[in-house]
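Here are some notes to read alongside the model, for someone meeting it for the first time. Take them one by one, with the structure open beside you.

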Amino acid sequence: MPFITPKPTTAFSLQLSVSISFHKSIDFLNQVHVKIGLLHLLHLRLSFHPSISDFFSLIHIDICNIREPCFCRHMKKADEIMLSIPSDAACKMWGVDMGPTNVDIHTDDGRIFNVCLTESKGNLFFFHGWSNVTQHLGLSKGCFIVFNPLDCTTFKLTHFIDGVSGSSFWTYLLRTSSHFYVIPEVILPETFSTSSDLISTIMINNNPFHVRIETDSGKFGFTVGIDVIVSLLHLEPGCFLIFTKYFGNDFNLKVFGKNCVEKNFLDVDRLHFPLVPPIDAVNEIYEEPHSRVYRFSRIVGTDFMLPDRVSEMAKLNICLKDITIILLNLEPPIQFTNGTRRERTNNGFRYALRRWSKFMKTAGIKVRDTVDYCFDENDQVLSVEKVVPYVSGRN
């Protein structure tokens with residue numbers, strides 16, 4: 001049986017389910033969610049209850065312009081004929097067990113298609129007229145499409161060709177944040193090539209995140225910094241990420257969950273974490289806190305956590321990078337670069353050197369030795385100045 005909203009009687013009463021969360025902030029209207037059914041019948045003369053009418057008049061809300069979630073689809077073969085609307089999106093747009101009989105779909109080239117909806121096994125589908133859309137745009141298995149609700153019965157459809165649409169591209173969230181997220185060349189051309197890596201500002205709900213762009217085999221890709229976004233927003237592998245370039249090498253990011261519905265991070269601006277989060281200063285002997293040359297001493301352990309001050313001087317909060325190491329304890333001194341990494345703590349992040357066991361071997365140090373270090377902020381160099389071997393009390 002087609003999923004069509006019952007026809008209204010002469011005495012028509014519009015049912016509303018209104019959930020209101022008031023905040024002292026002037027932004028409280030963003031928290032008002034109106035779930036409304038039968039909006040495709042707006043040509044009717046609606047009769048509101050006085051209290052509801054007064055409420056909408058007071059806060060000046062146009063119920064047809066309330067922002068509903070975008071949703072996406074990575075198409076399968078069957079989607080060329082009939083395409084499912086995610087139940088979470090349908091519920092937010094039209095309420096439970098409600099829905100219009102047909103909608104308009106606008107394509108990027110200005111065409112408008114009228115598509116009928118149908119219901120099957122509790123799900124709502126684009127059906128009659130949808131094949132006209134797929135044929136017009138050449139949509140087939142593997143295509144990625146995004147529906148942006150313009151109002152209650154109108155959608156803007158964006159389709160991606162080879163993963164790209166205009167200045168946007170999409171990708172999956174990989175299982176490990178250390179992977180290389182390739183940026184298509186059409187989005188970030190070779191004119192951006194540089195010997196030094198780039199820092200991109202990625203905006204999520206008007207909140208900036210710094211992400212490193214590195215080059216590998218002639219390709220640009222996001223690397224360090226994506227892990228911060230994943231951690232703070234609790235994203236799961238399999239989410240869809242849509243990056244839209246807006247200026248230079250900066251991007252806006254939309255995230256779609258595995259249910260294909262756009263995630264709303266209105267509370268992301270309430271996430272606060274220090275620029276350089278505190279770390280556990282284990283076995284700290286002495287430090288000189290106020291100087292561009294920072295000296296400290298450590299008893300060697302199985303890894304090497306950088307002091308807060310060194311992390312701040314190296315600006316590791318902006319992006320992870322290689323640090324120049326000079327082993328002054330050796331004759332002649334040895335110089336090389338060493339990578340850095342971050343670890344999440346209850347208060348934020350702490351920073352450490354990579355390949356610590358190789359570092360120890362190169363420097364000729366062992367666990368429980370005492371080592372004096374010096375970090376020069378101007379030269380961005382970490383020096384090993386002195387190594388005092390551990391002497392067992394039994395000797």
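1. Let's begin with a pair of facing residues: Ile202 stands opposite Phe251 in β17. The two strands concerned are β13, residues 198-204, and β17, residues 250-256, which pair in the parallel sense over 2 bridges. Please keep in mind throughout that this is a predicted model.

2. Where does this pair sit in its sheet? The sheet is an open one of 8 strands, and its order reads β10-β11-β16-β17-β13-β14-β15-β12. Its pairing is mixed. At the edges you will find β10 (164-165) and β12 (181-183); each has a single partner strand, so one side of each is left without a neighbour in the sheet. As general background, strands of a sheet pair through backbone hydrogen bonds, either parallel or antiparallel.

3. Next, look for the helix that lies across this sheet. Helix α4 is made of residues 226-233, and it lies across β12, β13, β14 (207-216), β15 (219-222), β16 (240-247) and β17. Relative to β14, α4 runs at about 140 degrees.

4. The same helix turns up again at a cavity. How many cavities of 30 Å³ or more does the structure hold? There is 1, and the volume of the largest cavity is about 40 Å³. Its lining consists of Leu173, Ile226, Ile229, Val230, Leu235, Leu241, Phe243 and Leu253. Two elements, α4 and β16, give two or more residues to that lining, and α4 gives the most, with 3 residues. What is the character of the lining residues of the largest cavity, nonpolar, polar or charged? They divide into 8 nonpolar, no polar and no charged.

5. Now move to another sheet, an open one of 7 strands. Its order is β3-β8-β9-β5-β6-β7-β4, and the pairing is mixed. β3 and β4 (83-85) are the edge strands, each pairing on one side only. On average, neighbouring strands of this sheet are turned by 35 degrees against each other, direction ignored.

6. Two helices are worth finding on this sheet. Helix α2 (residues 87-94) packs on it and touches β3, β4, β5, β6, β7, β8 and β9. The direction of α2 makes about 55 degrees with that of β4. Helix α3 (residues 130-137) lies across β4, β5, β6, β7, β8 and β9, and runs at about 130 degrees to β6.

7. Follow the strands of this sheet through two hairpins. Strand β5 (residues 102-106) runs antiparallel to strand β6 (residues 112-120), with 5 bridges joining them; here Ile105 stands opposite Phe113 in β6. The hairpin of β5 and β6 has 5 residues between the strands, and in its turn Gly110 has a positive phi of about 95 degrees. From β6 the pairing goes on to β7 (residues 123-126), in the antiparallel sense over 4 bridges, and Ser120 stands opposite Asn123 in β7. That second hairpin has 2 residues between its strands, with Lys121 in the turn at a positive phi of about 55 degrees.

8. Strands β8 (residues 144-151) and β9 also run antiparallel, joined by 7 bridges. One of the facing pairs is Phe147 with its bridge partner Leu157 in β9.

9. For aromatic contacts, the structure holds 26 aromatic pairs. Why is the pair of Phe71 and Phe155 edge-to-face? The ring centres of Phe71 and Phe155 are 5.8 Å apart and their planes stand at 75 degrees, and planes over 60 degrees apart count as edge-to-face. This pair links distant parts of the chain: Phe71 is in strand β3 (residues 71-74) and Phe155 in strand β9 (residues 154-160), 84 residues apart.

10. Lastly, have a look further along the chain at β25 (residues 381-388). Strand β20 (residues 323-327) pairs with β25 in the parallel sense over 4 bridges, and Ile325 stands opposite Leu382 in β25. Strand β24 (residues 370-376) pairs with β25 in the antiparallel sense over 7 bridges; here Asp372 has Lys386 as its bridge partner. The hairpin of β24 and β25 has 4 residues between the strands, and Gln380 takes a positive phi near 55 degrees there.

Technical notes. Residues are numbered from 1 along each chain as its sequence is written. This is a predicted model: local features need pLDDT of at least 70, side-chain atom pairs count only at pLDDT 80 or more; totals for chains, interfaces and linings use all residues. Side-chain values use heavy atoms; hydrogens and water are left out. Two strands pair if DSSP finds at least two bridges between them. Contact means heavy atoms within 4.5 Å. Axes are lines fitted to C-alpha atoms, for helices over the stretch in contact, and angles run from 0 to 180 degrees between N-to-C directions. On a 1 Å grid over the protein atoms alone, a cavity is a set of points where a 1.4 Å probe fits but cannot get out, and a pocket is an open set with protein on both sides within 12 Å along at least five of seven lines; lining residues have an atom within 4 Å of a point. Grid points are joined across faces, edges and corners, and a volume is the space filled by probe spheres set on the points. Ala, Val, Leu, Ile, Met, Phe, Trp, Tyr, Cys and Pro count as nonpolar, Asp, Glu, Lys and Arg as charged, and the others, Gly among them, as polar. Rings of Phe, Tyr and Trp (its six-membered ring) pair if their centres lie within 6.5 Å; planes under 30 degrees apart count as stacked, over 60 as edge-to-face and the rest as tilted.
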